[in-house]
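Reader: I am new to this structure and should like to understand the terms applied to it. May I put some questions about how they are justified?

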Amino acid sequence: MSTLFGRKTAPPSLAVASPPPEEPKPALPPAPVAPPAPPPPAALRPVNRSLNDIRSQVLARIDPATIADMPAETLRPLVERLIDDIATTSRSQLNGREQATLATELVHDMIGLGPLEPLLADDAITDIMVNGPSRTFAEQRGKLVEMPVRFRDAGHLLNIAQRIASAVGRRVDESSPMVDARLADGSRVNIVVPPLALDGACISIRKFARRTIGFRELVEFRSMSEPMARALEIIGRCRLNVIISGGTGSGKTTLLNAMSRPIEATERVITIEDAAELQLQQPHVVRLETRPPNLEGQGQVTQRDLVRNALRMRPDRIIIGEVRGAEAFDMLQAMNTGHDGSMSTIHANNPRDALSRVENMVLMAGMNLPSRAIRQQIAGAVNVIVQVQRMRDGVRRITHVTELVGMEGDVILTQDLFTFEFRGENRDGILEGRYAATGLRPRFAERLAYFGQEAAWNTATTGL
């Protein structure tokens, strides 16, 4: 017997009947268990890959020129059949619900605004704000809420933005990265794209109200009281010149639409807007809209151009959607030259700020008038300022109905006819308060008597 590393073994030439038992080997540590592989990215998962493949095939088989003017109710069945054929041929794993969802997305992408279409169809949403492909917010009941809306990528969002711009004959790209536009339903759109927008294209949509809102609805929304609604209706009927003041999204245009309701059907009304939003119900309305410059910087028509031209069109009233520049001077001229009952809106925080803003905008016209002369023009032209405010509970309320009563030295004198008195907050987070009439006799009392509205005014303001 020989020894090999301390173990006895038989010589190789000899057969061993029964070898001695081997010493046990030390136990090896268990092999490490590999962690589970992470799930593949969404774009590589089988179902999503099928979605992308089918989407690409559908888009490749449809001629954009053929479907450009096709209504959605006609296009959708065609897209559904095409998806079903492709899914069957390729043995796709898509079920019926996924195919229907894909058909809806494709129809929205081809002839609509892609993922924004459901938000546009929701009447509870008033504003839509897209901050890049993965963040979209909407205003519901006065509050901003993030929506579960996502674009496929930055290119998808940019295509939607370019489609909006091209529909109104504009272009949005790196050389022209900002544009104002209007959707087919009248909604206002502002678009900013890279390189100005760092996180992808930004789209802001102010939706056009499908139904007109009158004083009754505003009372139901707690925007005003019934006596205040009757007083504002009388102000509109008596052809007083009105400026509606408020912040962005405070409901100025909605109130302007409501105050236009009492206008007689026999009056000729000319409206002037940057983006048509007014919904006047009278039969004799002429609607004018500004025009931006073309790509060569030519052909621009401003609100001031339209106000000057409107004075030659024999209007009874001129309604300007929003005064924001030198056209304020021409608006005051119109109010002072027999076009009683004219109205407009302005961005300001309170009635006194509204007067200062009008004065500053008149100075923008370059007339070089002294401040006292401008203030005399304002005091002689404007009868009432209505202040609107969107409060922290999301409700838009009228906080002041203020009358201009004249001048004292270089100061325009005003008096409040109605105010909103804040009192607290209830358990639901809704602000509580009272719409109070001051009971002061308005300077336009003679106008009330002339139109036979003096008794109605007294009832609205005093309850007598």
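Author: The answers below concern a predicted model.

Reader: Why is arginine 304 called buried?

Author: The relative accessible area of arginine 304 is 13%, and buried means under 20%; therefore arginine 304 is called buried. This residue is found in helix H10, which covers residues 303-310.

Reader: What makes the link between the side chains of arginine 304 and aspartate 330 a polar contact?

Author: The two side chains are joined at 2.6 Å, and the cut-off for a pair of N or O atoms is within 3.5 Å. Aspartate 330 is also among the residues in contact with arginine 304 when neighbours within four places in sequence are left aside, and others include Phe329 and Met367.

Reader: Why is aspartate 153 called partly exposed?

Author: Its relative accessible area is 41%. Buried would require a value under 20% and exposed one over 50%, so aspartate 153, at 41%, is partly exposed. Aspartate 153 lies in the loop between strand E5 (143-147) and helix H6 (154-167).

Reader: Which backbone nitrogen does the side chain of aspartate 153 reach at 2.7 Å?

Author: That of histidine 156. The backbone nitrogen of glycine 155 lies 3.1 Å from a polar atom of the same side chain.

Reader: How do you know that strands E4 and E5 pair?

Author: Pairing requires at least two bridges, and 5 bridges join E4 (residues 136-140) to E5; therefore the strands, which run antiparallel, pair. Glutamine 140 has lysine 143 in E5 as its bridge partner. The two strands form a hairpin with 2 residues between them, and arginine 141 in the turn has a positive phi of about 55 degrees.

Terms used
Residues are numbered from 1 along each chain as its sequence is written. This is a predicted model: local features need pLDDT of at least 70, side-chain atom pairs count only at pLDDT 80 or more; totals for chains, interfaces and linings use all residues. Side-chain values use heavy atoms; hydrogens and water are left out. Helices (H or I, at least four residues) and strands (E, at least two) are DSSP runs, numbered from the N terminus. Buried means under 20% relative accessible area, exposed over 50%, partly exposed in between (1.4 Å probe, protein chains only). A polar contact is a pair of N or O atoms within 3.5 Å; within protein, one must be able to donate a hydrogen and the other to accept it, and residues adjacent in sequence count only if both atoms are side-chain atoms. Contact means heavy atoms within 4.5 Å.
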